[in-house]
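Here are some friendly notes to read alongside the coordinates. I have grouped them by region, so you can follow each point in your viewer.

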Amino acid sequence: MNLRGTFRGFFTEAARIIRQWLRLNWDWLYRAKSYINSSLWVVPFIALLVEQVIVRLTGSAGAWLAETGRMDPATALFGVSMSGARSALETIVTMTLSFLVFTFGSLLVAVQVAGGQYTPRVIATIFLSNKVVRACVGLFVVTLFFALRTLTEMDKTVDQLNAAVSVLLGLISVVIFLFLIDYAARMLRPVSIVARVGELGLEVIRSVYPASTGQTRRKEAAPQRPPLARTVVNTGASGVVLAVRVEQLVSLAQGVDGLIEVVPQVGDFLAADEPLFQLYGGAGAISDAELRATVALGVERTMEQDPSFAFRILVDIAIKALSAAINDPTTAVLAIDQLHRLLRRVGLQDLRGERFEDALGQTRVVFRTPNWEDYVHLSCTEIRHCGVGSIQIARRMRAMLENLTQTLPAHRHAELRQQLELLDQAVVGAYTVPADLALARVSDSQGLGGTLGVRPVVSAPANESRTEPREPT
């Protein structure tokens, strides 16, 4: 009993130490996870470990088949000769090495094209963290090293099982390489990039705002704050706020009956010695190490806790497409399609406000997050300024704002109506020809979608096909 109690106490204490370590190092673990998710070199390293496992498995299988008399690994199974096996394995090694060189070379070209044509912010989000590309690279590495090991271990006999596995992996690699070429070509299309950003944006919106909004806008009363105890500043390196562990802050504040205010928002740049926390009441007793461990800083924004970053990427793609150097308003329309999609989802979710409560309903953490007006301004303002001279953009933005006004709850309408008024003013100032002005003020979900918004001119000659804009309803 004493021995059992000793072991139980040991494991309890070990679990407590591990939990404490994880709590004090959450920021480091979060940064490490983000780095691994956006690093391509991790996949080849894991592939080397997988190759070692496959080697052990095939070695054990070959030994078992030889012991049971089912197969002589030197002569049975496929009966491949030494020269044939060497030729096949050398071909597989050369082929998979070429696949790797082509894949990484193509990826570098894709990164350059994406950074120049769209926005550099899609490089880590879309390309380096792409699971399909990473899986293909992993397969090529496994095939390369497995075939190379089989080739180097052949002396006087041929390991038929390993040779067969190498050939099988080589055939699969050929098929996957052809698939990868098709996939990469499709992935570089503007519609694929903006759609992927939209999908990632929807995922993070659902994770950050899981509850649906009510029919009336919630009004939050400001909490009665205790006296300010002290301010915690950023003593580490400067960086962008990637994530904040709000539930841990609530637990810390509840334990000392205090209130914690997080000064920066997710996505803000935080320089050294800038305020990080404002501590009120009993929260002043919380150690700086525990507080700083709840905030992860990095060199570039990520999308895990930052829904507005998806909006930012799409807006950047749109305004770059509208620049004089690129002049591709249709790509900007594709970006507005995804902004429309994200705005509808955000408008249907409860954006929570800035106050987080404990289980008893007591406000413990003040942490500012983007509100509905922030998302609408981010989606509309810059694109309106850069694209009002394009009829496509004016018509597509109007369609988005009018559709959201019709489909979202009433407490979301005020900002949408204001954006419609600003769009009207911008369009009036941009178009001096009445026909163009009337055309630009028509809602069109395709930007300029054929006959939508125009009608034939009655007085046109019979042998001509002239049209004039229809007045907006």
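1. Overall picture. Please keep in mind that this is a predicted model. The protein chain holds 16 helices and ten strands. Of its 473 residues, 44% are buried. Among the contacts with a separation of 6 or more, 79% join residues 24 or more positions apart.

2. How H4 and H7 pack. Two packed helices are described by the angle between their axes and the distance between the axes. For helix H4 (residues 82-117) and helix H7 (residues 160-187), the angle is about 25° and the axes are 10 Å apart. H4 is therefore roughly parallel to H7, since an angle under 35 degrees counts as such. The crossing of these two helices is left-handed.

3. What lines that contact. From the H4 side come Leu-89, Ile-92, Met-95, Thr-96, Phe-99, Phe-102 and Thr-103. They meet Ser-166, Val-167, Gly-170, Ser-173, Val-174, Phe-177, Leu-180 and Ile-181 of H7. Sorted by class, the contact of H4 with H7 has ten nonpolar and five polar residues, with no charged ones.

4. A residue to look at next: Thr-150. This threonine sits in helix H6, which spans residues 131-153. Is Thr-150 buried or exposed? Thr-150 has a relative accessible area of 4%, so it is buried, the cut-off being under 20%. Leaving aside residues up to four places away in sequence, Thr-150 touches Leu-89, Asn-162, Ala-163 and Ser-166. Two of these names may look familiar: Leu-89 in H4 and Ser-166 in H7 also appear in the contact between those helices. With Ser-166, Thr-150 makes a side-chain to side-chain polar contact at 3.5 Å. If you plan to check one distance by hand, this is the one I would start with, as 3.5 Å sits right at the cut-off of within 3.5 Å.

5. Thr-152, also in H6. Thr-152 is found in helix H6 as well, but its surroundings read differently. With a relative accessible area of 58%, Thr-152 is exposed, because the exposed class begins over 50%. The side chain of Thr-152 reaches back to the backbone oxygen of Arg-149, at 2.9 Å. In sequence, Thr-152 and Arg-86 are 66 residues apart, while their C-alpha atoms are 9.5 Å apart in space.

6. Leu-171 on H7. Which class does Leu-171, a residue of helix H7, fall into? Leu-171 counts as exposed, at 54% relative accessibility. Its C-alpha is 8.8 Å from that of Ile-92, although 79 residues separate the two in sequence. Ile-92 itself belongs to the H4 residues that meet H7.

7. Two backbone values to check. Most residues other than glycine have a negative phi, and most peptide bonds are trans. Asp-257 has a positive phi, near 55°. Asp-257 lies in the loop between helix H9 (246-255) and strand E3 (258-262), and its relative accessible area of 54% makes it exposed. Asp-273 also has a positive phi, near 70°. Asp-273 is placed in the loop between strand E4 (269-270) and strand E5 (275-281), and at 57% relative accessibility Asp-273 counts as exposed.

Definitions and conventions. Residues are numbered from 1 along each chain as its sequence is written. This is a predicted model: local features need pLDDT of at least 70, side-chain atom pairs count only at pLDDT 80 or more; totals for chains, interfaces and linings use all residues. Side-chain values use heavy atoms; hydrogens and water are left out. Helices (H or I, at least four residues) and strands (E, at least two) are DSSP runs, numbered from the N terminus. Buried means under 20% relative accessible area, exposed over 50%, partly exposed in between (1.4 Å probe, protein chains only). A polar contact is a pair of N or O atoms within 3.5 Å; within protein, one must be able to donate a hydrogen and the other to accept it, and residues adjacent in sequence count only if both atoms are side-chain atoms. Contact means heavy atoms within 4.5 Å. Axes are lines fitted to C-alpha atoms, for helices over the stretch in contact, and angles run from 0 to 180 degrees between N-to-C directions. Angles under 35 degrees count as roughly parallel, over 145 as roughly antiparallel, 65 to 115 as roughly perpendicular and the rest as oblique. A crossing is left-handed if the near helix is turned anticlockwise from the far one by less than a right angle, and right-handed if clockwise. Ala, Val, Leu, Ile, Met, Phe, Trp, Tyr, Cys and Pro count as nonpolar, Asp, Glu, Lys and Arg as charged, and the others, Gly among them, as polar.
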